[in-house]
Amino acid sequence: MLELLGWVRARYISPLATVIERAHPPRVVGEEGPVDGVARAEERSPEHPAQPGVTTWLRPLPGGEATACVGTIETCVAAGNRAILLVPEAEPLPATARAVLEAFGDRAVSFLGGDARARYRTWLDIRMGAYDVVVATRPGVFAPVRALGLIWISREVHPGHREDRAPYYHVREVAMARARLEGAACVLASLSPSVETAAAIEQGTIGVSRPARSSERAAAPLVETTPPEGEDRSPRLATLLKRARSAALVVSRRGYGVARVCRTCSEPAKCARCGGPIVAERGAAACRVCAAPGACANCGGGSFGIERGGAERVAQWAGHIATIPVRLDAGDGCAPPGAGSVLVGTAAAVKDVGAVHLDLVAILDPDRALARPGVHAAEQSLATWMEAAAWTGPRLTGGRVLVQTRKAGHPAIQALVRWEPLPYLSGEGARRSEAGFPPGHPVYRIAGRGDLAGALRAAGAHTVLSTSAESGTLCLVAVPPDRLDGFRREVLKLVAEGDVERVEAEPQL
Ligand SMILES: [Zn+2]
Ligand SMILES: [Zn+2]
């Protein structure tokens with residue numbers, strides 16, 4: 001475990017104390033019994049030698065991850081080893097997590113949420129070897145499991161797998177490192193993988209496990225495209241919605257609409273506090289960035305001309321069209337999609353709900369989703385669309401997916417239609433390489449002073465983008481993996497000399 005924590009410290013250029021703090025639940029002394037202080041020696045039994053640490057991208061059939069996961073863990077446990085399942089979110093309990101907890105009964109433990117005392121108690125029990133299977137969110141990648149045979153990462157692309165506090169680790173990378181160090185297998189499960197994983201598949205460093213192409217084709221949903229009209233609707237959507245007995249509509253924007261113009265002074269609408277966009281949601285206008293009540297940056301007015309569009313507006317419209325009830329998932333514990341209702345929500349509403357069969361899944365504004373800023377926006381969109389599309393079941397069962405796009409030929413849309421993500425993701429990887437940030441190159445945002453860009457280039461950075469901020473210089477760098485050791489040593493020197501103030505690994509770009 002110390003070796004793993006050392007790897008995290010080096011990879012994310014973070015103090016070991018910070019890594020250790022993030023990797024352990026806070027200690028609750030009252031939970032410790034006489035034997036808990038010292039872990040019992042427990043070695044992997046010699047008849048089950050460690051496997052070389054291999055990582056595999058596993059593509060389940062639509063709705064099939066839970067079954068695949070239970071089966072793989074069964075094999076692992078039957079060989080005398082233990083397993084960790086990592087899910088990106090705890091609430092509501094993902095279908096894969098539920099299936100594993102049910103299949104393994106009291107040999108499995110849920111390390112999802114809970115108060116400090118319960119978490120620490122569970123952590124001690126895991127360390128004592130009380131469980132064969134641990135189901136957890138991202139801190140579980142450090143769970144003190146001995147004789148580890150398998151780490152399964154569910155929905156590999158989900159943003160919940162990235163720690164947003166120092167050391168800013170990504171579960172996928174830590175799990176792969178742990179699998180190498182402990183001779184376990186690492187499985188990255190997703191219908192559409194990350195660009196990093198796709199690049200590693202191309203390079204042969206990550207293996208692939210997916211059904212035969214013919215089975216995948218037979219199980220793939222039926223996807224059609226149509227151009228959108230105003231407010232993210234289309235005649236085709238109205239027709240399909242009218243006859244649907246179950247449906248889900250995925251929109252990229254929350255709320256009822258976006259404030260375009262101030263009604264008092266006619267200036268373009270901008271937040272008075274931060275200049276961010278103002279959106280109408282639940283009957284009120286508020287800043288999307290800082291959440292301040294909507295007030296015009298120019299005159300302070302609070303009345304705006306609204307361009308309608310967003311999940312709330314779509315739900316209102318769908319209520320007039322559909323013959324079944326419409327539910328808006330506003331992130332407040334809405335029931336999963338199912339028979340007899342239309343679910344409307346953003347990507348946040350697309351969760352691991354297991355196998356469901358809806359008549360209709362509509363992706364209302366994929367062009368807007370693809371145009372969002374952010375390095376990971378497109379790969380996350382594609383993964384979300386595939387997860388939602390899988391809710392219609394195989395193409396022969398009558399459900400269908402409607403994609404409202406003006407760019408039906410866009411490689412991401414074609415990936416969804418053809419149910420094959422790898423060529424698109426490989427193209428994305430090539431684009432990132434051209435931009436100076438090849439997949440697999442560690443990226444850091446470094447704040448400091450002086451000739452920071454020059455110093456970081458000299459330290460071995462492959463790409464350095466530099467901007468001057470009020471307090472100094474901010475650099476975005478990519479570092480070739482084989483130069484990382486030297487780069488880290490130089491950065492630590494710069495920290496000691498006071499020229500570097502802050503290092504953030506894998507920033508959200
Ligand atoms: Zn604001
Ligand atoms: Zn105004």
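Let me start with the zinc ion (ligand 2), which in this predicted model is coordinated by the SG atoms of Cys262, Cys265, Cys296 and Cys299, at 2.3 to 2.4 Å. By donors I mean N, O and S atoms within 2.8 Å of the metal (3.2 Å for Na, K and Ca), and since water is not among the atoms, sites may look incomplete. Along the chain, the donors of this ion follow the spacing C-x2-C-x30-C-x2-C.

What is the geometry of this site? The angles among the 4 donor atoms of the zinc ion (ligand 2) run from 105 to 114°, and the site is tetrahedral. Four donors count as tetrahedral if all angles lie between 85 and 135 degrees, whereas four count as square planar and six as octahedral if opposite donors are over 155 degrees apart and all others between 65 and 115, and anything else is irregular. Of these donor residues, Cys296 is buried, with a relative accessible area of 2%, while Cys299 is partly exposed at 38%. Here buried means under 20% relative accessible area, exposed means over 50%, and partly exposed is in between, with a 1.4 Å probe and protein chains only.

Before I go on, a word on conventions: residues are numbered from 1 along each chain as its sequence is written, and chains are lettered from A and ligands numbered from 1 in the order in which they are written. In this predicted model, local features need pLDDT of at least 70, side-chain atom pairs count only at pLDDT 80 or more, and totals for chains, interfaces and linings use all residues, while side-chain values use heavy atoms, with hydrogens and water left out.

Now to the zinc ion (ligand 1), whose protein donors are the SG atoms of Cys271, Cys274, Cys287 and Cys290, lying 2.2 to 2.4 Å from the ion. Their spacing in sequence is C-x2-C-x12-C-x2-C. Why is this arrangement called tetrahedral? The 4 donor atoms around the zinc ion (ligand 1) subtend angles of 102 to 117°, and that makes it so. Cys271 is buried, at 3% relative accessible area, whereas Cys274, at 39%, counts as partly exposed.

Let me turn to helix α13, residues 411-418, in which Ala412, Ile413, Ala415 and Leu416 are buried. They cover an arc of only 155° around the axis, which puts them on the same side of α13. The arc is that of the directions from the helix axis to the C-beta atoms, and helices (H or I, at least four residues) and strands (E, at least two) are DSSP runs, numbered from the N terminus. Among the elements that cover the buried residues of α13 are α12 (377-389) and α14 (422-434). Just after α13, Trp419 takes a positive phi of about 60°.

Another residue to find on the screen is Val54, in strand β1, residues 54-58, which is partly exposed, with a relative accessible area of 46%. Leaving aside its neighbours within four places in sequence, Val54 is in contact (heavy atoms within 4.5 Å) with Ala184, Ala185 and Cys186.

Finally, the whole chain: its secondary structure comes to 16 helices and 21 strands. Its C-alpha trace spans about 65 × 60 × 50 Å along the principal axes, and of its 509 residues, 52% count as buried.
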